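Got the viewer open? Let's take a walk through this one, selecting a few residues at a time and looking at what surrounds them.

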Amino acid sequence: MKRLAILGATGSIGTTCLNAIRSGKLEAEAVFLLSYSSDISRLSSEFSCVSLSASSSSEDEIRDALCRTEPDLVLNAVSGTAGLGYTMMAISLGFDIALANKESLVLGGSLVMQSARDRGISIIPVDSEHSAIYSLLKGRKARKLIITASGGPFRTREDLSSVTVEEALRHPTWKMGKKITIDSATLANKGQEVIEASVLFSFPPDAIDVTIHKESIVHSMIEMDDGAVYALLSQPDMTLPIVSAVQGIDGGSRAVSPLSFSNLDLSFRDWDRKRFPMLDLAYQALRLGGSYTIAYAAADEILVRAFLERRIPFTSIGEITQEVFGKDWSRCPQSIQEILEIEAMAKRETEALC
């Protein structure tokens, strides 16, 4: 039974993981819980483990707790830029990582992956799309990755100029936080996933496709040289990628209920580059290199907040990000400090354009 440290224990992924342990779907022992909620003591008592509140604990205290509890795997489910710091902390301490934090790869990119390789650290993806690709690539060499997208609430809506905050927060499939729900509506989340896939699996952007699949049953696909396509299908439930990351792709316990093929319709279609420029801009960021993926993530964070505060219309998220790309982001950061400096610059530039 693996010893598990869960960073972001009270968030969506952390809660799903703890529920999987409770139900027996995940055979793991929680040895350390970190949360931005001050009320973590109840969970600490329930699972008989060490816990800390990130908002009232220093970096040294968190590092010391990880060292003392000696987990076999660190599940990094902290959202936002803070998650990058925890990924680098886990790498520096020699712990393998189950990664559910997008910023670690979107901002950290090759710096994170090189650091992990230098220390012999495994980074196992927890996002359903990347988890599927990770499983499908076992023993296979693919020529193309195909990431599926639900399409969000506006996959069939032509005019997005009058989209309201309430409409954008009404996701048809997943229940998520406000930021990621808006990112799903703009397809910026899929843009970040394309960036993550490129970094994690060493695929160029031209070898990564996105297809709209509204049913959210096929989580991703890989295309082989001979034209064969392999896909991973399951119910839309984050329990499966969590169990797969911790216990392996043949982990044993049934994580989700099986599909019934007696009445199952699956649809796929291309995405509209004009209506969803944020996905197209993610491809641009990868091709341009340097710090463009950092500028992309930073701009999106500011613009989503501005939209939620009703300071900009929905369509301005893509328009202003394109303006941010008009600046020079060719600098290649060599440290976490440089990454954070560039992110701060991009945020300031975006806020000024708002």
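For the first stop you need one term: a salt bridge is a side-chain nitrogen of Lys or Arg within 4 Å of a carboxyl oxygen of Asp or Glu. Before selecting anything, note that this is a predicted model, where local features need pLDDT of at least 70 and side-chain atom pairs count only at pLDDT 80 or more, while totals for chains, interfaces and linings use all residues. Residues are numbered from 1 along each chain as its sequence is written, and side-chain values use heavy atoms, leaving out hydrogens and water.

**Stop 1: a salt bridge and its network**

Select lysine 190 and glutamate 129. Their side chains meet in a salt bridge, at 3.0 Å from N to O. This pair links distant parts of the chain: lysine 190 is in helix H10 and glutamate 129 in helix H7 (residues 128-136), 61 residues apart. Helices here are DSSP runs of H or I with at least four residues, strands are runs of E with at least two, and both are numbered from the N terminus.

Are these two partners buried or exposed? Lysine 190 is buried, with a relative accessible area of 4%, and glutamate 129 is buried too, at 11%. As for the cut-offs, buried means under 20% relative accessible area, exposed means over 50%, and partly exposed is in between (1.4 Å probe, protein chains only).

Now add Lys102, Asp127, Glu193 and Glu196 to your selection: salt bridges that share partners join them with Glu129 and Lys190 into one network. The structure holds 27 salt bridges, and two others are worth a click.

**Stop 2: two further pairs**

Go to arginine 63 and glutamate 59, whose side chains meet in a salt bridge of 3.9 Å, N to O. Where do they sit relative to each other in helix H3? They are four residues apart in H3 (residues 59-69), so about one helical turn separates them. An α-helix has 3.6 residues a turn, so residues three or four places apart point the same way. Arginine 63 is partly exposed at 26%, whereas glutamate 59 is exposed at 52%.

Next, pick arginine 331 and glutamate 338. They form a salt bridge as well, with the closest N and O atoms 3.2 Å apart. Arginine 331 is partly exposed, at 35% relative accessible area.

**Stop 3: serine 234**

Zoom in on serine 234, in the loop between strand E10 (229-233) and helix H11 (239-247). Serine 234 is buried, with a relative accessible area of 6%. What is it in contact with, leaving aside neighbours within four places in sequence? The list is Ser216, Ile217, His219, Leu240, Val256 and Leu259; contact means heavy atoms within 4.5 Å.

Of these, show the side chain of histidine 219, which makes a polar contact with the side chain of serine 234 at 2.9 Å. A polar contact is a pair of N or O atoms within 3.5 Å; within protein, one must be able to donate a hydrogen and the other to accept it, and residues adjacent in sequence count only if both atoms are side-chain atoms. For another distance, try histidine 130: its C-alpha atom is separated from that of serine 234 by 14 Å, and the two residues are 104 apart along the chain.

**Stop 4: along H11 and H9**

Colour H11 next. Seven of its nine residues are buried, so the helix is mostly covered. Those buried residues are Thr239, Pro241, Ile242, Val243, Ser244, Ala245 and Val246. Glycine 248 follows H11 and has a positive phi, near 95 degrees.

Then move to helix H9 (residues 178-186), where Thr181, Ile182, Asp183, Ser184, Ala185 and Thr186 are buried. Which helices do they pack against? The answer is H8 (165-168), H10 (188-201), H12, H13 (292-308) and H14 (316-324). Just after H9, leucine 187 takes a positive phi of about 70 degrees.

**Stop 5: glutamate 343**

Finish by selecting glutamate 343 in helix H15 (residues 336-353). Glutamate 343 counts as buried, at 7% relative accessibility. Not counting residues up to four places away in sequence, glutamate 343 touches Thr81, Leu107, Ile294, Ala298 and Glu301.
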